[in-house]
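Trainee: I should like a close look at a single part of this protein, namely one helix together with the elements that pack against it. Please set out the account as one connected description.

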Amino acid sequence: MASVLARSVIARRFHVSASRHALSKFAMPAMSPTMTEGGIASWKKKEGEMFAAGDVLLEIETDKATIDVEAQDDGVLAKILANDGAKNIPVGSTIAIVGEEGDDLSGADKLASEAASEKSKESTKEEKAPEAPKSHPTTKASESSKQETKPDLPKGDRIFASPIAKKIALERGIPLSKVKGSGPEGRILREDVEKYQAPAAATSGTPSTAVPQPSASLPEYTDIPISNMRRTIGSRLTQSKQELPHYYLTLDINMDKVLKLREVFNKTMGEKDKSAKLSVNDFVLKAVACALADVPEANSAWLGEVIRQYKKADISVAVATPTGLITPIIKDVGAKGLATISSEGKTLAKKARDGKLQPQEYQGGTFTVSNLGMFGISHFTAIINPPQSCILAVGATQPTLVPAPEEERGFKVTQIMKVTLSADHRTVDGAVGARWLAAFKGYLENPLTFML
């Protein structure tokens with residue numbers, strides 16, 4: 001889908017070039033319906049280099065993955081405006097000048113200047129603000145005194161500054177109360193912050209005998225740039241935790257039968273394909289889908305005016321990648337067997353770690369599973385992925401002593417897995433969540449019911 005969209009964008013640009021025999025601007029494409037900005041991971045072609053249809057021009061970093069942008073027709077990359085590593089580029093902003101063989105490339109600089117001036121106009125609009133209503137002075141003397149003296153801003157008073165000025169000041173650690181604004185009514189603008197210089201330490205004419213106080217030394221550190229993916233993860237999870245009324249239900253599940261059945265299946269499958277192996281998570285996903293069929297209220301989403309209840313279980317599986325967490329989706333899990341679930345899960349997980357997921361492979365989903373059992377985590381709670389209603393946190397399976405009156409010793413060792421359901425109380429009441437967990441537990445403690 002992303003490649004098709006990119007091709008259509010480039011095709012439109014080349015159509016203009018073919019008809020007018022002139023260079024054209026190439027804008028940051030929207031690689032998904034929700035994408036508002038992106039970054040340039042790397043250009044695969046250099047300025048002045050020819051490319052053919054199907055060649056990868058560049059890699060675009062979205063909030064979830066890195067996606068190849070392919071050329072639809074032959075052409076030439078006249079000039080690059082957004083270099084490798086550029087971030088937070090709004091969709092529609094010009095990132096390059098492209099043309100066809102035979103075009104006069106000398107016009108690329110002019111088009112680049114036009115694109116830069118358009119961007120400058122947009123930033124100027126952001127800086128400008130409506131002037132505050134002027135108060136009528138009672139006397140000319142009071143007016144002149146106000147103009148002559150501009151006392152330092154007292155603590156607690158409101159500071160008027162443009163959004164971009166506040167952002168730059170925060171990044172550079174500049175106190176806005178010390179910056180003198182040149183805008184209307186003393187409003188602090190971008191250039192005010194950029195021109196600010198910290199005052200030098202006051203020196204007196206006579207030598208001082210005071211002993212210098214040692215300054216507090218900061219521990220060694222490394223600043224890691226925030227990727228688009230990490231920024232999106234942070235904002236969405238913060239929003240979810242603040243706005244969704246989470247509640248949590250925890251249950252212990254006897255995994256003895258699942259582990260025995262898994263051992264039998266893997267032995268049988270291994271005779272045909274040694275690489276084929278079922279994981280505990282494959283059984284978990286199948287049990288989730290079966291329980292959602294029994295309790296469809298949990299397979300829902302809050303959409304503001306309506307609660308949407310889904311008929312199929314498209315399960316998002318949390319996968320840790322070097323750049324952050326992503327949730328590829330296994331579609332219609334209830335209609336698939338354990339071997340298919342296992343195969344699709346491994347394929348999607350590899351694509352996620354390689355940053356090669358397509359938008360349709362991670363956008364959507366009706367229910368999420370997050371499993372930290374392979375790390376030895378026995379219990380945790382997860383944050384709901386809106387607009388979904390539920391997420392299941394799966395811990396490790398651990399040997400546990402449980403009462404067993406039928407045993408001579410009065411107890412036995414059982415493999416117990418602890419799971420916690422996080423649910424949105426707007427869509428899933430506590431009793432509904434409890435019914436879903438009971439159904440889920442029933443399927444895992446009697447896994448042969450998967451085959452019925």
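Mentor: The description below begins with the whole chain, turns to helix α8 and its neighbours, and ends with some backbone details elsewhere.

The model is a predicted one. Its secondary structure comprises 11 helices and 18 strands. Of the 452 residues in the protein, 38% are buried. Among contacts with a separation of 6 or more, 65% are between residues 24 or more positions apart.

Helix α8 spans residues 280-294 and has helix α9, residues 338-353, as one of its partners. Two packed helices are described by the angle between their axes and the distance between the axes. For α8 and α9, the axes come within 9 Å and cross at roughly 115 degrees. An angle of 65 to 115 degrees counts as roughly perpendicular, and α8 and α9 are therefore assigned to that class. Their crossing is right-handed. On the α8 side, the residues that meet α9 are Asp282, Phe283, Leu285 and Lys286, and they face Leu338, Ile341 and Ser342 of α9 in the contact. By class, this contact of α8 with α9 has four nonpolar residues, one polar residue and two charged residues.

A second helical partner of α8 is α11, residues 430-445. Here the axes come within 8 Å and cross at roughly 135 degrees. The two helices are therefore oblique to each other. The crossing of α8 and α11 is right-handed, as is that of α8 and α9. From α8, the contact draws on Phe283, Val284, Ala287, Val288, Cys290, Ala291, Leu292 and Asp294. From α11, the residues are Trp436, Ala439, Phe440, Tyr443 and Leu444. The contact of α8 with α11 divides into 12 nonpolar residues, no polar residue and one charged residue. Phe283 is listed both in the contact with α9 and in the contact with α11.

The third part of the surroundings of α8 is a sheet. This open sheet has six strands in the order β9-β18-β17-β16-β12-β15, with mixed pairing. Strands β9 (246-254) and β15 (329-330) stand at the edges with a single partner strand each, so one side of each is left without a neighbour in the sheet. Helix α8 packs on this sheet and touches β12 (315-317), β15, β16 (367-371), β17 (390-403) and β18. The direction of α8 makes about 155 degrees with that of β16.

The pairing within the sheet can be followed from the β9 edge. Strands of a sheet pair through backbone hydrogen bonds, either parallel or antiparallel. Strand β9 and strand β18, residues 411-424, run antiparallel and are joined by nine bridges. In this ladder, His246 has Asp424 of β18 as its bridge partner, and Tyr247 has Ala423 of β18. On to the next pair, β17 and β18 also run antiparallel, with 12 bridges between them. Thr400 stands opposite Thr414 in β18.

Two backbone details belong to loops that adjoin strands of this sheet. Most residues other than glycine have a negative phi, and most peptide bonds are trans. The peptide bond from Pro386 to Pro387 is cis, with omega near 10 degrees. Pro387 lies in the loop between β16 and β17, and both of these strands are touched by α8. Asp332 has a positive phi, near 45 degrees. Asp332 is found in the loop between β15 and α9, and its relative accessible area of 23% makes it partly exposed.

Away from α8, a separate open sheet has four strands in the order β1-β8-β6-β3, with antiparallel pairing. Its edge strands are β1 (24-27) and β3 (50-51), each of which pairs on one side only. Strand β6, residues 75-80, is joined to β8, residues 94-99, by four bridges, and the two run antiparallel. In that pair, Ile80 stands opposite Ala96 in β8. The loop between β6 and β7 (89-90) holds Asn88. Phi of Asn88 is near 55 degrees, again a positive value in a residue other than glycine. Asn88 is partly exposed, with a relative accessible area of 29%.

Conventions
Residues are numbered from 1 along each chain as its sequence is written. This is a predicted model: local features need pLDDT of at least 70, side-chain atom pairs count only at pLDDT 80 or more; totals for chains, interfaces and linings use all residues. Side-chain values use heavy atoms; hydrogens and water are left out. Axes are lines fitted to C-alpha atoms, for helices over the stretch in contact, and angles run from 0 to 180 degrees between N-to-C directions. Angles under 35 degrees count as roughly parallel, over 145 as roughly antiparallel, 65 to 115 as roughly perpendicular and the rest as oblique. A crossing is left-handed if the near helix is turned anticlockwise from the far one by less than a right angle, and right-handed if clockwise. Contact means heavy atoms within 4.5 Å. Ala, Val, Leu, Ile, Met, Phe, Trp, Tyr, Cys and Pro count as nonpolar, Asp, Glu, Lys and Arg as charged, and the others, Gly among them, as polar. Two strands pair if DSSP finds at least two bridges between them. Buried means under 20% relative accessible area, exposed over 50%, partly exposed in between (1.4 Å probe, protein chains only).
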